[in-house]
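Colleague: Hey, got a minute to walk me through this structure? I'm new to this, so plain words please.

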Amino acid sequence: MLSPRDASSRGVAWRVVSGHPCDVLDVLDGLVAVGREPGAAVAVVRGGAVEIEHSAGTRDGASPWSSDTLVMTFSVAKPLAALAFLDAVAEGHLGLEQPVTSVWPAFGQSGKEATTMRHLLSHQAGLPAFPESALPVEYDDRQALVDLLAGAAPIHPPGAGVAEHALTYGHLLDEVLRRATGEPLVERFARIAAAAGWDLHLRVEDHDLARVATLVELTGTSQSGYLEDPRWGPALSRPAGLLDPEVLNSDRFRGTAFPAVALHATALSLARFYDDVIRPEGLVAARLGHDLWRAYVEPAASGHDLVLNRPVTWTLGFQVSEENGRVELGMGGAGGCSAWAEPAASYGAAYLTRGLGGHDRGDVVWEAVSATFTPPTAAG
């Protein structure tokens, strides 16, 4: 597996293979034109320069999608939640090998005593779902959900497997962070985002509510497809309502801290984040320090993910994938959004949509971006 590295364009020439930035724009416009996409945006940033920023469709069925439109992105949130946690590690409040029970004693129940901070970050804690008893709990009853996690039994011994912590990831990190620093995760992340100039929010403030896109279910089966799946059903149904557009579009949900999934973002800010995070000289690397930055972006755990049901490599926040020798790190969300970086091609990208459905649209956008921004060849 390749490691992130400085892939600046100094001394190299860019090679475009059957791709041009206009192709990416045409793809998104085409999805809207044929009715597959109600509203979306795509952005690509390379070396700090905006290569693509484009939107199509509407944010609510009437108003055009604009550059400052925010949309809820589901699990695209997870690397940002991890960044807030690692920021506290960089400050010395926590250590990666530190037992969770050192700050959260009640967590050491039901076989979880050996769980470390690293296990939480890399989806190795064996807690991909809240217990069944969380089903009737309100999604914004943070304390009740955290108490249920403290008593829950893992599906495998800590560190012995991987399973995406679909809804639990943010609550686990947040509870540890609160106990270690006295600060909620979403507040620490808000400070980080403000300092970096990112329009990224793990909780939407009242003054931003008017620019949030309205989510719509494309096929009418997006919810049921997840809820009827034997792996995704438990992971996404407890607590109830977090696949329901009516819930997700409410001011109540938008103002709730649910850091595993409740990132509201613009495409450009996500692309800026991903362009930065792969760079040793970037803002994220400077904030975390070189060694912790490498731990954030390089592989930490691999195996057959028991929720995703496929081989997965996790860093302390991202998924790493490789196709045709090209390595990317990123994260996708249940509704179809995705954001990623390709270190060798030196860019960050994001595709955000308000249409809740599969990843078929995002795959088409990804293919156009990948064809347009390819790894460099040596300059002649």
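Modeller: Sure, one term to begin with: buried means under 20% relative accessible area, exposed over 50%, and partly exposed in between (1.4 Å probe, protein chains only). This is a predicted model, where local features need pLDDT of at least 70, side-chain atom pairs count only at pLDDT 80 or more, and totals for chains, interfaces and linings use all residues. Residues are numbered from 1 along each chain as its sequence is written, and side-chain values use heavy atoms, with hydrogens and water left out.

Colleague: OK, so is Glu138 buried or partly exposed?

Modeller: Glu138 is partly exposed, at a relative accessible area of 44%. It forms a salt bridge with Arg252, with the closest N and O atoms 2.9 Å apart. A salt bridge here is a side-chain nitrogen of Lys or Arg within 4 Å of a carboxyl oxygen of Asp or Glu.

Colleague: Where do Arg252 and Glu138 sit in the chain?

Modeller: They're 114 residues apart: Arg252 is in helix α10 (residues 251–254), and Glu138 is in the loop between α3 (117–121) and α4 (142–151). Helices (H or I, at least four residues) and strands (E, at least two) are DSSP runs, numbered from the N terminus. Arg252 is partly exposed too, with 43% relative accessibility.

Colleague: Why do such side chains pair up at all?

Modeller: Side chains of opposite charge can pair when their charged atoms come close.

Colleague: And how many salt bridges are there in the whole structure?

Modeller: The search finds 24. One of them joins Asp199 and Arg211, at 2.8 Å from N to O. Both of those residues are buried. Some salt bridges share partners, and these link Asp87, Glu91, Glu183, Arg188, Arg191 and Arg287 into one network.

Colleague: Switching topic: what does Arg59 reach with its side chain?

Modeller: The backbone oxygen of Ala210, at 3.3 Å. Arg59 itself is in the loop between β3 (49–57) and β4 (71–72).

Colleague: Cool. Zooming out, how many helices and strands does the chain have?

Modeller: The chain has 14 helices and 15 strands. Its radius of gyration (taken over C-alpha atoms) is 20 Å, close to the 21 Å that the globule rule gives for 380 residues, so it is as compact as a globular protein of that length. That rule is 2.2 Å times the number of residues to the power 0.38.

Colleague: And what share of the residues is buried?

Modeller: Buried residues make up 57% of the 380 in the chain.

Technical notes
Polar contact = N/O pair within 3.5 Å; in protein donor to acceptor, adjacent residues only side chain to side chain.
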